Amino acid sequence: MTSLRIVPAGRGLRGSVRVPSDKSVSHRAAILAALAPGETRIRNYLEGRTTAATLSCLRSLGVESNKVVEGELVVRGRGLRGLQEASEVLFCQGSGTTMRLLAGVAAGQPGLTVLDGTPALRRRPMARVAEPLRAMGATVLAREGGRLPPLAIQGGQLRGVDWTLPVASAQAKSAVLLAGLWAEGPTTVREPGPSRDHSERMLRAFGVAVESTDAGAGRVVRLSPPERLQSPGLLSIPGDISSAAFLLVAALLVPGSQVAVEGVGINPTRTGLLDVLRAMGARIDEENLREESGEPVADLTATYCEGLAATEVGGELVPRAIDEFPTLAVVATQAKGRTVVRDAAELRVKESDRISALAEELRRLGAAVEERADGFAIDGPTRLRGAHVNAHGDHRLAMALAIAGLLAKGETVVEGWECVADSFPEFEATLAQVAGREVSG
Ligand code: S3P
């Protein structure tokens with residue numbers, strides 16, 4: 001286990017940085033490229049542990065990929081009917097996206113596919129993908145009454161379904177849509193809230209007819225099975241807003257800061273945190289709006305803001321900010337008043353139980369956190385004090401605690417730091433760049 005030692009910021013954070021590419025978009029680009037005949041070049045494919053797991057699983061299914069030049073990956077697709085039956089277990093590391101999306105792919109294959117992962121992934125709920133895939137005609141076996149990994153999937157001739165998801169989950173929605181590529185007849189997914197729509201956008205980029213309509217707070221997505229996928233040839237992955245969030249929030253909280261993050265994906269299903277921060281009084285500017293591979297992209301600049309106000313977060317904002325609650329919790333410790341997060345029970349089944357882990361670790365730093373079944377309440381502002389904290393194997397918790405450490409009095413040590421490799425291996429160097437010095441003491 002490695003740890004990061006972090007000392008207070010000392011002075012404002014300054015500069016312009018790039019962050020790693022979007023994790024969600026990278027997974028989807030690789031999977032659809034694998035299913036399209038011919039080569040697809042993917043510029044800025046995320047070099048993280050989770051996205052490497054997707055490539056290695058695809059390799060077991062007969063899909064070759066290799067890095068040609070710095071930051072560009074070439075995937076040699078096999079077409080919808082060209083995957084091979086894997087002779088080994090597909091090991092998804094700790095990546096829920098890899099397991100759930102590939103479960104959808106496996107359901108469409110004539111052979112047997114077994115998906116497994118780390119002990120943390122083995123605790124994450126799979127009924128949300130197993131049930132619809134069974135309804136489509138696949139056999140899906142799993143532990144604990146068919147709910148927990150590993151998964152063993154025997155695919156076959158699938159039929160389209162009209163499926164209502166119990167939770168707003170982009171991974172579950174994507175599994176059903178991907179299986180729908182091999183189904184007879186259209187597949188419809190109804191979601192209770194606006195989960196990220198990267199799969200819908202990427203499927204369209206590969207020529208698949210996907211319609212999406214608003215329905216109350218949620219959405220209905222309908223996919224018509226295509227004859228074949230058509231590669232766009234070249235895809236370019238934007239920067240990950242969930243990684244940018246740590247730097248933007250650090251700039252908002254450390255006096256004298258101004259930090260720009262270039263080339264960040266600002267898909268509206270992902271920008272819930274920006275909305276929440278603005279409601280708290282933060283200034284975040286968006287410039288150079290453009291589009292990359294069907295995703296909106298901008299350069300974002302955050303400027304230190306004195307006197308942020310507490311806020312309440314619930315309802316449709318939750319799926320739009322789902323990966324940013326560790327970051328938001330750190331902001332809440334510095335905002336005036338009581339910040340309340342509700343309708344967010346899903347946080348309990350992420351890379352860690354993010355409600356209890358956040359409460360436990362932020363309290364070690366002196367924050368006033370009340371844990372609730374579906375969220376938390378934090379009273380601020382609090383002068384944090386450095387302590388030894390634990391990442392719970394959760395990359396986003398690790399980085400949020402590092403930002404808290406920048407604000408704390410004295411030294412903070414984040415134990416279990418190695419998990420940042422899941423999404424942001426260069427975090428420490430990027431933070432050092434805006435701090436103008438090593439951040440670790
Ligand atoms: C992801 C969807 C989200 C998110 C996860 C990545 C994806 O989970 O938390 O980090 O790539 O589809 P949900 O399935 O709960 O939406």
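This report describes the ligand site of a predicted model and three backbone features elsewhere in the chain.

Residues are numbered from 1 along each chain as its sequence is written, and side-chain values use heavy atoms, with hydrogens and water left out. Because the model is predicted, local features need pLDDT of at least 70 and side-chain atom pairs count only at pLDDT 80 or more, while totals for chains, interfaces and linings use all residues.

**Ligand site**

The ligand is surrounded by Lys23, Ser24, Arg28, Thr97, Ser169, Ala170, Gln171, Arg196, Ile322, Asp323, Glu346 and Lys350; a residue counts here if one of its heavy atoms lies within 4 Å of the molecule. By class this shell holds six charged, four polar and two nonpolar residues. Asp, Glu, Lys and Arg count as charged, Ala, Val, Leu, Ile, Met, Phe, Trp, Tyr, Cys and Pro as nonpolar, and the others, Gly among them, as polar.

Domain 1 (3–21 + 238–435) and domain 2 (23–225) each give at least three residues to the shell, with bounds from an automatic or database domain assignment. Helices α1 (23–35) and α6 (170–180) each supply at least two, and α1 gives the most, with three residues. Helices (H or I, at least four residues) and strands (E, at least two) are DSSP runs, numbered from the N terminus.

The table lists polar contacts to oxygen atoms of the ligand (pairs of N or O atoms within 3.5 Å).

| Residue | Protein atom | Distance |
|---|---|---|
| Asp323 | side-chain N or O | 2.6 Å |
| Gln171 | backbone N or O | 3.0 Å |
| Thr97 | polar side-chain atom | 3.5 Å |

Taken alone, the ligand exposes 390 Å², of which the protein buries 97%; areas come from the Shrake-Rupley method with a 1.4 Å probe.

**Backbone features**

Most residues other than glycine have a negative phi, and most peptide bonds are trans. Two cis peptide bonds are described here. One joins Pro149 and Pro150, with omega about 0°, and Pro150 is placed in strand β9 (residues 148–154). The other runs from Gly380 to Pro381, with omega near -5°; Pro381 is in the loop between β23 (375–380) and β24 (388–390).

Asp343 has a positive phi, near 60°. This residue belongs to the loop between β21 (337–341) and α12 (354–364).

How values were computed
Polar contact = N/O pair within 3.5 Å; in protein donor to acceptor, adjacent residues only side chain to side chain.
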